[in-house]
Amino acid sequence: MKDNNASSTAFTVAQGLLFAAKTSKYGALVSDNVISVSRQILQGSEQGRHRLKQLNSWWFCKLAKLRERLLLPGISLHYVLRKRHIEQLTVEALSNGVTQVVVLGAGFDSLCWRLQTDYPEVNFIEIDHPATQKQKVKALEEGSNQSQNMHFLAVDFGRQQLLTALTEFKVFEPNRLTLFICEGVLMYLNEKDVNTIFGSIRALTGDGTQFVFSTLEPKESPKNTVPKMLYRHLEKLGEPILWDIDSHKMQDYLQTHQCELHSIAGGQELVAQQIPGKLHQKMYQGEYFVHCTFD
């Protein structure tokens, strides 16, 4: 991602959610609230408005379906399923005593913005690259009321440490039981920076802290069907994949950070959780989601 530009991935995921809502037989899985906030965020920038205009084009939708089928089958539905999975884990955490949610690399995700009024006692903090967050906050501020428990912190993880940034952020409360979320981000960091994220979370909130994050199966793994050309495309966008780990090795990796593994959910698990009966389309495999707690 170029320093002055919002993340291309943020635009793609937001558009993908709306694309699935409009064209997929499983579109009902995208709530009206998610659709409304996602549209509002995209409406706030020139590129976002262009993405919305594309969704109104019959030809674009036809070509997008074909491109998805050839490159990453089911990717737009995957966006829907992974958002719902994270929301379910978040709501469960809130019902079990968590009173602070920190989202790392939030992109154009709408989760905290939608939950802020339902959970006024919870402290919600979104952290993201300044260029991406600036566009999001500007769009959300137009015609919407931000609650006092919703906060935004601009951080460039390539140049700033999470530990320092949050320690200096006055609204962050280290004594609260906290859930950290890092969706679709860690694979863009090198292993050293990923380890630093784990170390920072432990130092910030300590034992009992929950962490939900995603990463990728290794490129060469049969559990990863992402085509090589997509890796090259991400490199050209300035968002190369830098970190991956076999899901079978995740428990050992977490133990090095003194974390207890609760669940791992790849594409097949997400489908089984949320779509009853037989899935009537092909789904790519590769990204998986981890839920753990710091001991």
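## Arg69 and the positive patch

Arg69 counts as exposed, because its relative accessibility is 55% and the cut-off for exposed is over 50%. This comes from a predicted model. Arg69 sits in helix α4, which covers residues 58-71.

Arg69 has company on the surface. Together with Lys25, Lys62 and Lys65, Arg69 forms a patch of positive charge there.

## The nonpolar patch

Helix α4 also takes part in a nonpolar patch, where four residues come from α4, the largest share. The members of this surface patch are Leu63, Leu66, Leu70, Leu71 and Met229. The patch spans about 480 Å².

Met229 belongs to helix α10, made of residues 228-236. How exposed is Met229? Its relative accessibility is 48%, so Met229 counts as partly exposed. The reason is the cut-off: exposed means over 50%.

## The buried strand β5

Now turn from the surface to strand β5. This strand holds residues 210-216. Seven of its seven residues are buried, so β5 is largely enclosed by the rest of the structure. Here, buried means under 20% relative accessible area.

Both faces of β5 are covered. On one side lie Gln210, Val212, Ser214 and Leu216, all buried. On the other side lie Phe211, Phe213 and Thr215, also buried.

## The partner of β5

Which way do β4 and β5 run? They run parallel. Strand β4 spans residues 178-182, and four bridges join β4 to β5. In one pairing, Cys182 has Phe213 of β5 as its bridge partner. Phe213 is also one of the buried residues of β5.

Definitions and conventions. Residues numbered from 1 in each chain as written. Predicted model: local features only at pLDDT ≥ 70, side-chain atom pairs only at ≥ 80, totals over all residues. Heavy atoms only, no water. Patch = residues over 30% accessible without salt bridge, like charges linked within 9 Å, V, L, I, M, F, W, Y side chains within 5 Å. Areas by Shrake-Rupley, 256 points an atom, 1.4 Å probe, with all protein chains shown as cover. Salt bridge = Lys/Arg side-chain N within 4 Å of Asp/Glu carboxyl O. Lys, Arg positive; Asp, Glu negative; His and termini not counted. Charge placed at Lys NZ, Arg CZ, Asp CG, Glu CD. Helix = DSSP H or I, 4+ residues; strand = E, 2+ residues; numbered from the N terminus. Buried < 20%, exposed > 50% of the residue type's maximum accessible area, 1.4 Å probe, protein only. Pairing = 2+ DSSP bridges.
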